[in-house]
Amino acid sequence: MPTAAARSLRLFYLTNFAVLGIYLPYFNLFLEDIGFSGAQIGLVSALMPLSTLIMPAVGGAVADRLGQRRAIILMSTALATAAFAALLQARAFGSVAAVVALFALLRAPALPLVEATAVELAAGGGPPYGRMRAWGSMAFIVAALAGGPLLAGRGDAFAVPLILGLLVLNTASAIRLPADAPRPAGPPPAGTMRRILMAPGTLLFLAAGALSQAAHGPYYVFYSIHLEKAGYTATSIGLLWGWAVACEVLVMVQMARVLARVPASLVMIGSLLIAALRWWICSTSVSPAAMIAAQAMHAATYAAFHVAAVTHTHRLFGGPLGASGQGIYGAATYGLGNVLGMVLSGWLLETIPLPRLFGWAAWVAIAGAVLLAGALLGRPRPGPRI
């Protein structure tokens, strides 16, 4: 059973992140191609993380209460796919924003529930979480590399049907996810969630996660545009995104060994300090050597930080609040953090040059490292290998 469950989780990660392998590098190029301004691109880009301010936590709470993770995941992916299909026709800012908002809201609950299942499987003796999650990163690489040549021959608008096809595959993969483990229905004991959230270090950890993703705002929204304006081709942009995620994969598959020796909090602090260096490089140079070096740091700024943070979240919440905990972490980090980073990036671009956005991001990453240093006071007890 663990082998079959791990296989189905790897397949979901693969199809889910193949979608992002096209969406993140190329969807904003499509928006620019149809005439959206920098502020409009920033606002549309922020709609997906904005949806995660609430929906992952709600989905996690419902799943923990009803014990119906797989059903919620399948409903989420299917309805999100149907919503995204409207972008085959929408072109005005208002209609595009409305469709992306609906798509994002419907899609948001699925991944944190899969994360909770994968972490629990790993903690129960299954494959390490990082090795299962790495399949998603490998799919991102393939999609990002293939997306450049595909769009170069067909135009930026081809990103929409390409994403839609991958969403259909993601919905199909949700059908194969493991059945829900038996668990008592109903809410956990009164006061449990409040006690965890108010524990020393928990709020600092969540705030640091938000700042970590806020620092990625200029990268997710404007990095491809930054490179395109510097003369990089679509294929070169895809190669740089793919290189970043290749480095991510190498780290993810080794994170179980790292976390067996180094506390998750220290891994996250180190990752944020490397992030500050990465964004400083992006603010000062667009040379191929600088971009290759900066993208290699994605191994720390995303991969190491993410696996350490998911591990830390599982140890903080775990048990009957496993899905709720991952949902809260997702809401704080990929919701609030991404919204702040993307919206502020769009607004700031109206008044400052694009390279300076990355300098701003470096200081945000340093602030996150400072908060995590404070969160060490609330470090949880050692947990199982995941």
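**Entry 1: Asn-28**

I started with the side chain of Asn-28 and looked for what it reaches: the backbone oxygen of Val-221, at 3.1 Å. A reminder to myself that this is a predicted model, so every distance here is computed from it. Asn-28 sits in helix α1. Is Asn-28 buried or exposed? I found it buried, because its relative accessible area is 7% and the cut-off for buried is under 20%.

Next I listed what Asn-28 touches, leaving out neighbours within four places in sequence. Val-221 turns up again, together with Tyr-23, Ile-41, Ser-45 and Tyr-220.

**Entry 2: Tyr-23 and the aromatic pairs**

Tyr-23, one of the contacts of Asn-28, made me look at the aromatic rings. The structure holds 17 aromatic pairs. In one of them, Tyr-23 and Phe-103 have ring centres 6.5 Å apart and planes at 35°, and the pair counts as tilted. Which parts of the chain does this pair tie together? Tyr-23 belongs to helix α1 and Phe-103 to helix α5 (residues 93-107), so the pair connects parts that are 80 residues apart in sequence.

I checked accessibility for both partners. Tyr-23 counts as buried at 7% relative accessibility, and Phe-103 is buried with a relative accessible area of 1%.

The other pair I looked up was Tyr-219 with Trp-241. Its ring centres are 4.9 Å apart and its planes meet at 25°, so I noted it as stacked, since planes under 30 degrees apart get that label. This pair also links distant parts of the chain: Tyr-219 is in helix α11 (residues 217-229) and Trp-241 is in helix α12 (residues 234-252), 22 residues apart. Tyr-219 is buried at 1% relative accessibility, and Trp-241 is buried with 2%.

Tyr-219 and Trp-241 also share an aromatic cluster with Phe-140, Tyr-220, Tyr-223, Trp-279 and Phe-358. I was pleased to meet Tyr-220 there, as Tyr-220 was already on my contact list for Asn-28.

**Entry 3: Arg-278**

Tyr-219 also led me to Arg-278, which touches it. Arg-278 is placed in helix α14 (residues 264-284). Is this arginine, Arg-278, buried or exposed? Arg-278 counts as buried, because its relative accessibility is 0%.

What does the side chain of Arg-278 join in a polar contact? I found the side chain of Thr-301, at 2.8 Å. Thr-301 is also among the residues that Arg-278 touches, once those up to four places away in sequence are set aside. The others are His-216, Tyr-219, Ala-294, Gln-295, Met-297 and His-298. I also noted the spacing to Trp-243: 35 residues in sequence, and 14 Å from C-alpha to C-alpha.

**Entry 4: The cavity**

Last, I looked for enclosed space. Rolling a probe the size of a water molecule over the atoms shows where empty space is left. How many cavities of 30 Å³ or more are there? I counted one cavity, with about 820 Å³ of space in it. Of the 42 residues that line this cavity, Phe-17, Leu-20, Leu-111, Tyr-334 and Asn-338 are the closest to its centre.

Which helix gives the most to the lining? My answer is helix α1 (residues 2-33), with eight residues. That brings me back to where I began, as Asn-28 lies in helix α1 too. By residue type, the lining divides into 26 nonpolar, twelve polar and four charged residues.

Key:
Residues numbered from 1 in each chain as written. Predicted model: local features only at pLDDT ≥ 70, side-chain atom pairs only at ≥ 80, totals over all residues. Heavy atoms only, no water. 1 Å grid on protein atoms, 1.4 Å probe; cavity = no way out; pocket = protein on both sides within 12 Å on 5 of 7 lines; lining within 4 Å. Points joined across faces, edges and corners; volume = space filled by probe spheres on them. Helix = DSSP H or I, 4+ residues; strand = E, 2+ residues; numbered from the N terminus. Nonpolar A, V, L, I, M, F, W, Y, C, P; charged D, E, K, R; others polar. Buried < 20%, exposed > 50% of the residue type's maximum accessible area, 1.4 Å probe, protein only. Polar contact = N/O pair within 3.5 Å; in protein donor to acceptor, adjacent residues only side chain to side chain. Contact = heavy atoms within 4.5 Å. Phe/Tyr/Trp six-rings, centres within 6.5 Å; stacked < 30°, edge-to-face > 60°.
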